[in-house]
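Colleague: Could you take one strand of this model and go through it slowly, for someone who is new to reading structures? I would like to know what surrounds it and how it fits into the rest of the chain.

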Amino acid sequence: MLQPLTFHNSRLQWSSFLDNSEERCKMGKKKPRQSPWGFVSCPSCCSLPPPMEKLKSAIPQTLILSISQSNPHTLPNTCSSLHDFLNHLPQFHQMVEDLAHKETSLFLKNKESALKFKLKGNKCLSNGDNSNALRFYTQALRIAPRDVNDMGKNLVATLYVNRAAVLQKMGLVVESLHDCNMAVAICRSYSKAWYRRGKANTLMGNYENAVCDLKVSLHMEHSISGKKQIEGEINLILGQHKVKDFPPNVDKYNDSNINDQPQQIQLQCVTTETKGRGMVCLTEIPPATLLHTEEPYAAIISKQFRETHCHFCFNELPKNIVPCLSCSMALYCSQICQANASWQDLESDMKGYDIGIDLEKYVENVIKESVIIKQNGEHKHECGVNWPAALPSETVLAGRVILKYMTHQGHFGKSSTIVNLDLCHNYVQLDPEAKLELHISSIILLKCLQFYTSDFPLNGETISQCVLLLAQIKVNSMAIIRVKSSDSSANHTTSTTEQVRVGQAIYLTGSMFNHSCKPNIHTYFQSRTLNIRAIDFVRVGQPLELSYGPQVGRWSCNERQISLKNQYAFICSCASCTKSNLSDLFINSYRCSNPTCFGVVLDRDLVNYEKRKVNPCDGVEYNEIKKVASVLCEETELTHRVEPGVCLNCGGYRDMYGSKETVKKGEICKGLLDSSEVVSSGLRCLDVLKSVLHPYNKRVAEVEDYVAQVFCSIGELQRARDHCKASIKILEKLYGEEHIVIGNELVKLASIQLSLGDGDFEESRNRIELVFSRHYGSHVDVIFPHLKFLKKGP
Ligand SMILES: C[S@@+](CC[C@H](N)C(=O)[O-])C[C@H]1O[C@@H](n2cnc3c(N)ncnc32)[C@H](O)[C@@H]1O
């Protein structure tokens, strides 16, 4: 289930720097912790500037009070007062210096350290220790300055060539080719880089390109022995393979694009009765239609994924990571992403080499393919300083939005408008603590941006714009989600998928879609592109609504309302929260005390909630609740009242106190599930819960699912299958049969059925295909590569 951003932790916190600084800290001490790339941090001596709490505690109560009472109109005054106050505090200036001054940065390049890592890499390479050689070259690349030489060659280019050699030895030929591309883009006249590229192309069977690479290399090579070796290689290829020298096919290895373009669907932003602006469509939309794709206005990687995911596209980093050319913090999965986030061209020329017109064309093609022209420069103002690592992601995202806005408007030094995105916010509803924190972080952010560009306007007006932007980010930013899959059973029969929030982004049109607890559209991401697909049939003019997280079937109405209120400060007025529906009746319901009756019994909380939902004003007979509940019963006319403990079907009474006690006992059994008696206690728990809870109660589904997992882990697949099916049957009632949750559960069932050779596997597979293609269209293979086992044969 996609979960747009949650704001569990709205308190500003100074994060500790992640493990991506140099081997030694700025105080020269060896750093103790290791990151996946071997970079380490030293929390003790490289501690951050004085924590923000210290600043907060210095602020006078009168100022805190006026901030707590501030609203968008008074913000310029409160921002200006706080700015004046902080400006007189020496510790504030010290903190900003530490955050924004390049000299204090932990992310600067360092030639000496890079050379040490390079030597270590060379040593490992000659000893055949490829994985450590790869690690050391990567470390060296991360901190090697882009424009320094080592033994007459550009250090960064040399490191890419060395790493390309290791990658080739490890059989990672495509990655090796990419490193060669990087090296030739940095230094076109680097013979070894072309030579290594020729080797990579040979290994890939691209003999025409290999010959061209080697010919370029031959022109650049100075030594006679080197020239001889290259000539030997060329002759070998020409002798063994049929090679036409030209034209080489440089486009052959481009990534293929998925052809699932949004169709011509007209969307419109309209004003709604209860939800502000919202999106509707002007044409009918069948389910599974891709109706909107959008690139973010600004995006930022989540802190915990900085070392493992690309800072531009948010995909997992490959073995051949490409670090930023100017700082040691930003990491990319490819030169394309690096160039996209960057702002600088790789200057490289071939002066003094006459390689002939055809080879020159070939070189141009290779470089053009390597260096993408479209640079959005989002990393420029953050490069080589501490604050992007130290401040909360949302604040860093705000910095990106402001810089982009000002650059686009050509506003630097000319206007007092630093940002104006016309998005909604909930500033007035924020609690006093949150308002104060937004004030402080806005002042710190803008002060840091002033270090980057001295004509940055910093005053009450611009700070208040930043405060409102942060409030807008809270309400409008989307979490960029990736699906991670892992085996969940010892015998690899089932796998679980987990959704991780790798980034956070602002989409301008995406921000206009309102929330529904039963959405009719589904959002997902490829790289940082937002895709929105219809999951139901949408009529002309019908609102298009996605889920901000809470959904019918997952939570009761009460839980959904609390969550949306806490996270986004609004009272949900979607159809499911204002009208009675079966899922909300079932989810926490009890069974009728009459064993032959299938009716629903509600407890006091649920009755009150449902009554408020259907008729908030008076106490009429709540026909709507009964009408919904009557789906379960034979009788058409229900005469009894909707009361706690009363069966909505037959009017029979259940003792709610005793029932709750029984459920508690059932929960104790569930707690025993990890003990040695795991299977029998699981089944006992299920029996206890089923004796009092309604058969479609969510808790019964959870225990069925748990018991299925237990049976799976001990290899009793038939019983696992039966419990898995039982769980799915309940979830279908709660979510609807085509919900993505059902798709995920069916994947579990199908994997068990496949292991059992069960004939029903086909049916599950067909249903999975239906559910997933409705939600992801043709993108399903890319987003869920682990589902390939379900593919039908050719
Ligand atoms: C991302 S914005 C959506 C666009 C917004 N309606 C606007 O006018 O800009 C989120 C805000 O829309 C409103 N909203 C969205 N879904 C809603 C719902 N189901 N019930 C009530 N308000 C909703 C809330 O004010 C929420 O903070």
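Modeller: A definition is needed before we begin: a residue is called buried if 20 or more other C-beta atoms lie within 10 Å of its own C-beta atom, and exposed if 12 or fewer do. Please also keep in mind that this is a predicted model.

The part to look at is strand 13, which covers residues 529-534. Five of its six residues are buried by that count, and therefore strand 13 is largely enclosed by the rest of the structure.

Which strands pair with strand 13? One partner is strand 12, residues 521-526, which runs antiparallel to strand 13 and is joined to it over six bridges. Within this pairing, Thr523 stands opposite Ile532 of strand 13. Strand 12 and strand 13 also form a hairpin, with two residues between them, and in that turn Ser527 has a positive phi of about 50°. Another partner is strand 5, residues 290-294, which pairs with strand 13 in the antiparallel sense over four bridges. Here Thr293 is the residue that stands opposite Asn531 of strand 13.

To place the strand in its setting, we can turn to the whole chain, whose secondary structure comes to 29 helices and 16 strands. Of the 794 residues in the chain, 47% are buried. If we take the contacts between residues at least 6 apart in sequence, 67% of them join residues that are at least 24 apart. The largest nonpolar core has 202 residues, and Ala183, Tyr332 and Cys466 are those with the most contacts inside it. Leaving aside residues up to four places away in sequence, Cys466 touches Ala398, Ile402, Ile418, Ser442, Leu445 and Leu446.

The ligand is the last thing to look at. Around the ligand there are 19 residues, and those that come nearest are Gly276, Arg277, Cys424, Asn514 and His515. Strand 4 (277-281), helix 17 (460-476) and strand 11 (514-515) are the elements that give two or more residues to this shell. By class, the shell around the ligand divides into seven nonpolar, ten polar and two charged residues.

To return to your request, strand 13 pairs in the antiparallel sense with strand 12 over six bridges, and with strand 5 over four.

Notes: Residues are numbered from 1 along each chain as its sequence is written. This is a predicted model: local features need pLDDT of at least 70, side-chain atom pairs count only at pLDDT 80 or more; totals for chains, interfaces and linings use all residues. A residue is near a molecule or strand if its C-beta atom, placed from the backbone, lies within 6 Å of it. Ala, Val, Leu, Ile, Met, Phe, Trp, Tyr, Cys and Pro count as nonpolar, Asp, Glu, Lys and Arg as charged, and the others, Gly among them, as polar. Two strands pair if DSSP finds at least two bridges between them. A nonpolar core is a set of buried Ala, Val, Leu, Ile, Met, Phe, Trp, Tyr and Cys residues joined through C-beta atoms within 7 Å. Two residues are in contact if their C-beta atoms, placed from the backbone, lie within 7 Å.
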